Amino acid sequence: MGLEMLNDNYKEGSKEPSKKENIPHIYSYQFCPYVERVHLVVAAKEINCETFNIDINSKPEWFFAKNPLGKVPALELDGGKILTESTIIAEYLDEAFEGKRKLQPKDAYEKCKQKIFYENFGSVFSGFYKIYRSKEDLNLLFATIENGLSLLEKELATRGTTFIGGNNDPLMVDYLIWPWLERLPAIISIIKKEKDWQKYLSSNLPLTVKYMQSMLDDSAVKKVAYSDDIHEEYFMFHIRLIRGDNF
C-alpha cells in the first residue's frame with residue numbers, strides 16, 4: 001500500500017456519498033497530520049463514525065457547499081452541522097462522546113498547561129510543512145524541527161512520566177503532537193541518510209526516543225499510523241515536485 005490509495009479520494013465532479021445516520025462523519029485526507037489528530041482521538045475513544053477522503057487538489061463541489069473554506073479535517077454532525085480545525089474537532093469529540101475514556105485532564109490548570117505545550121511545539125509543525133513545500137535548505141529546516149524536539153525532551157524530563165498526559169495512556173496532548181513525530185523517521189532517512197532513527201536521536205533526545213517507542217505501542221496509534229516507508233514515499237514525491245527528480 002502506497003500513494004495509490006489516493007485514487008480512492010472524492011474529486012471534483014464526484015457525487016456526494018450517502019451517509020449513515022446518527023453518527024459523525026469525518027472529511028479527511030490520508031496523509032494530512034492534522035486529519036490524523038482526529039482519527040487518533042476517534043480510535044482512542046472507539047467512536048463509531050464514517051470517513052470520506054477528499055482530494056485536496058481537486059475538491060468536489062458538494063464539499064465546498066458544506067464547508068466553504070474547503071478545509072480538512074471537517075466534521076459533519078446531524079443536521080448538517082460542520083466543525084473545522086483539528087484541535088476544535090478533537091476537543092468536541094472528547095467532550096460530546098463518552099467513548100472508551102476521556103482524553104483531557106479534569107484539572108483546569110493541567111488542561112491549560114498541556115494546551116500551552118502543544119501550541120509551543122508548533123515550530124516542529126512548520127518545519128515539516130516547509131520540507132515538502134519550499135526550497136529552503138533541508139538541514140536548516142531539520143534544525144528547526146530539532147529545536148522543537150528539545151522542548152519535548154525538556155517537558156518529558158520535567159514531568160518524569162511515560163507520556164505528556166501521564167503514565168497510563170496517552171492523552172489529548174500526546175495525540176495532538178504525535179502525527180509529526182510519526183513522520184520523523186522518514187525525515188531523518190531523507191535528510192540525514194540514517195534509517196535507524198532511534199540511533200540518530202538517542203544521544204541528544206533519549207527521552208523522546210522512549211516516548212516515541214511508547215506511543216508506537218499504543219492501540220490507537222497502531223490502528224491509525226502509516227509505516228515509515230509510506231511516509232518517506234509521500235515526502236519524496238512532493239520534495240521532487242519542488243526540487244526536481246534528481247533529488
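Visitor: How far is the sulfur of cysteine 49 from the closest cysteine sulfur?
Guide: This is a predicted model, in which local features need pLDDT of at least 70 and side-chain atom pairs count only at pLDDT 80 or more, while totals for chains, interfaces and linings use all residues. Residues are numbered from 1 along each chain as its sequence is written, and side-chain values use heavy atoms, without hydrogens and water. A disulfide is a pair of cysteine sulfur atoms within 2.5 Å. The closest cysteine sulfur to that of cysteine 49 belongs to cysteine 32 and is too far for a bond, at 16 Å.

Visitor: How many disulfides does a search of the whole structure find?
Guide: The sulfur of cysteine 49 is too far from that of cysteine 32 for a bond. For disulfides, the search of the whole structure gives a total of zero.

Visitor: Is glycine 79 buried or exposed?
Guide: Glycine 79 sits in the loop between β3 (74–76) and β4 (82–84); strands are DSSP runs (E, at least two residues), as helices are (H or I, at least four), numbered from the N terminus. Buried means under 20% relative accessible area, exposed over 50%, and partly exposed in between (1.4 Å probe, protein chains only). With a relative accessibility of 83%, glycine 79 counts as exposed.

Visitor: Which helix gives the most residues to the largest nonpolar core?
Guide: A nonpolar core is a set of buried Ala, Val, Leu, Ile, Met, Phe, Trp, Tyr and Cys residues joined through side-chain atoms within 4.5 Å. The largest one has 58 residues, and those touching the most other members include Phe121, Ile131 and Phe235. With 14 residues (172–192 is its span), the top contributor is helix α7.

Visitor: Where does this core lie with respect to the domains?
Guide: Domain bounds come from an automatic or database domain assignment. Both domains give residues to the core, so it lies between domain 1 (2–96) and domain 2 (108–243).

Visitor: Within what arc do the buried residues of α5 fall?
Guide: In helix α5 (residues 122–131), the buried residues are Val124, Phe125, Gly127, Phe128 and Ile131. The arc is that of the directions from the helix axis to the C-beta atoms. The buried residues line one face of the helix, because seen down its axis they fall within 165°.

Visitor: Which helices help to cover the buried residues of α5?
Guide: Isoleucine 131 is in contact (heavy atoms within 4.5 Å) with residues beyond four places in sequence, including Leu138, Ile187 and Phe235. The cover of the buried residues of α5 includes α1 (33–45), α4 (108–120), α6 (138–159), α7 and α11 (228–243).
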